[in-house]
Amino acid sequence: MKVHENMLRRVNLQAYTWVVLPLVAIGGWFYPLLGFLLLGCMLGAVGVSFFRGRNWCDWMCPRGAFLDLFLGPISRKITIPSFFKQAAVRIFMLLLIFTVLGVQFYLAWGDLQAMGLALVRVLTVTTVAGILLGWSIHPRTWCHICPMGTVAHWIARRQKTLQTGSSCISCGICAKVCPMQLNPNELDKENSDEYSDCLRCNSCVNSCPQKALSFEGRAAVNRQKAA
Ligand code: SF4
Ligand code: SF4
């Protein structure tokens, strides 16, 4: 698949899902029960991660789709500070958001409207944060500290990752197209902790001029043969 075809495929898929974000983050203030859709998104991210890592975050997550589609054209697109990738920061964000949500659920327990509104509040605040980070740094900055992204990242740690073949010439093109600012040709290194943040979007696979990247293991086999 050519690079532009891959981009078009992602845009087409994301065009279906992003609309759920304003539906809940704005419509939820008027119809709070819409907030429960957020639980579906959280479960989806975790469920998919058992089989396909963070693939949910690629186009199935409405916020991820929104950030790519709408922040992509206006973002400053500078390097995401390593601060956002630190385990301590990710754990802090996860504990913070689940504590806030847990306390609100405890206070509203039994009142579905109030519980839905609690979910809408969390979604709205985190979306505003995601937009500000997306504009000022990079569209997917939020995705490095998103609690559900962090859970999916942990679950995906044991899974097979993107493989780099011996034909790689370290041109860096794959890193330029990666929406998560990863180094695709380095993800199969043993000491890499980044691979489980890969969205499996295939942008790098389709942009590599050497066809050196693969999720199928073919590239790795080629490298073993060459060694
Ligand atoms: S685009 Fe391909 S050849 Fe270039 S660094 Fe990435 S994997 Fe290597
Ligand atoms: S490493 Fe490749 S497949 Fe993974 S998120 Fe980056 S561009 Fe997409």
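**Exercise 1. Find which residues of α5 and α7 touch, and work out how the two helices cross.**

Start with the contact itself: from α5, Arg63, Phe66, Leu67 and Leu71 reach over to Leu123, Thr126, Thr127, Gly130, Ile131, Gly134 and Trp135 of α7. Next, sort these residues by class: six are nonpolar, four polar and one charged. Bear in mind that you're looking at a predicted model here.

Now for the geometry. Helix α5 spans residues 62–71, and its axis comes within 11 Å of the α7 axis, crossing at roughly 35°. The crossing of α5 past α7 is right-handed.

**Exercise 2. Describe how α6 packs against α7, and decide whether the pair is roughly parallel or antiparallel.**

Step one is to locate the helices: α6 takes in residues 87–108 and α7 residues 112–136. Step two is the angle, which is about 160°, with 9 Å between the axes. Angles over 145 degrees count as roughly antiparallel, so α6 is roughly antiparallel to α7. The handedness of this crossing is right-handed.

Step three, look at who meets whom. On the α6 side you'll find Ile97, Val100, Leu101, Gln104, Phe105 and Ala108, and on the α7 side Ala114, Met115, Ala118, Leu119, Arg121, Val122 and Thr126. Count them by class and you get ten nonpolar, two polar and one charged. Thr126 may ring a bell: it's listed in the contact with α5 and in the one with α6.

**Exercise 3. Do the job again for α3 and α8.**

Helix α3 (residues 37–52) and helix α8 (residues 147–155) pack at about 15°, their axes 9 Å apart. An angle under 35 degrees counts as roughly parallel, so α3 and α8 get that label. Where α3 passes α8, the crossing is right-handed.

For the contact, pick out Met42, Ala45, Val46, Ser49 and Phe50 in α3, which meet Met148, Val151, Ala152 and Ile155 in α8. That makes eight nonpolar residues, one polar and no charged.

**Exercise 4. Check the annotated transmembrane regions against the helices.**

First, the record: an unreviewed UniProt entry puts "transmembrane region" on residues 36–53, 87–109 and 115–135. Then take two of these stretches in turn. Residues 36–53 are 89% helix and 0% strand, with the end C-alpha atoms 24 Å apart. Residues 87–109 come out at 96% helix and 0% strand, and there the end C-alpha atoms are 32 Å apart.

**Exercise 5. List what surrounds each of ligands 1 and 2, and sort the residues by class.**

Go to ligand 1. Around it sit Cys168, Ile169, Ser170, Cys171, Gly172, Ile173, Cys174, Asn185, Cys208, Pro209, Gln210 and Leu213. The tally for this shell is eight nonpolar, four polar and no charged residues.

Move on to ligand 2. Its surroundings include four cysteines, Cys178, Cys198, Cys201 and Cys204, along with Pro179, Pro184, Leu187, Leu199, Arg200, Asn202, Ser203 and Phe215. This shell divides into nine nonpolar, two polar and one charged.

How values were computed:
Residues are numbered from 1 along each chain as its sequence is written. Chains are lettered from A and ligands numbered from 1 in the order in which they are written. This is a predicted model: local features need pLDDT of at least 70, side-chain atom pairs count only at pLDDT 80 or more; totals for chains, interfaces and linings use all residues. Side-chain values use heavy atoms; hydrogens and water are left out. UniProt positions are given in the numbering used here, feature names are shortened, and annotations may be inferred rather than shown by experiment. Helices (H or I, at least four residues) and strands (E, at least two) are DSSP runs, numbered from the N terminus. Axes are lines fitted to C-alpha atoms, for helices over the stretch in contact, and angles run from 0 to 180 degrees between N-to-C directions. Angles under 35 degrees count as roughly parallel, over 145 as roughly antiparallel, 65 to 115 as roughly perpendicular and the rest as oblique. A crossing is left-handed if the near helix is turned anticlockwise from the far one by less than a right angle, and right-handed if clockwise. Contact means heavy atoms within 4.5 Å. Ala, Val, Leu, Ile, Met, Phe, Trp, Tyr, Cys and Pro count as nonpolar, Asp, Glu, Lys and Arg as charged, and the others, Gly among them, as polar. A residue is near a molecule or strand if one of its heavy atoms lies within 4 Å of it.
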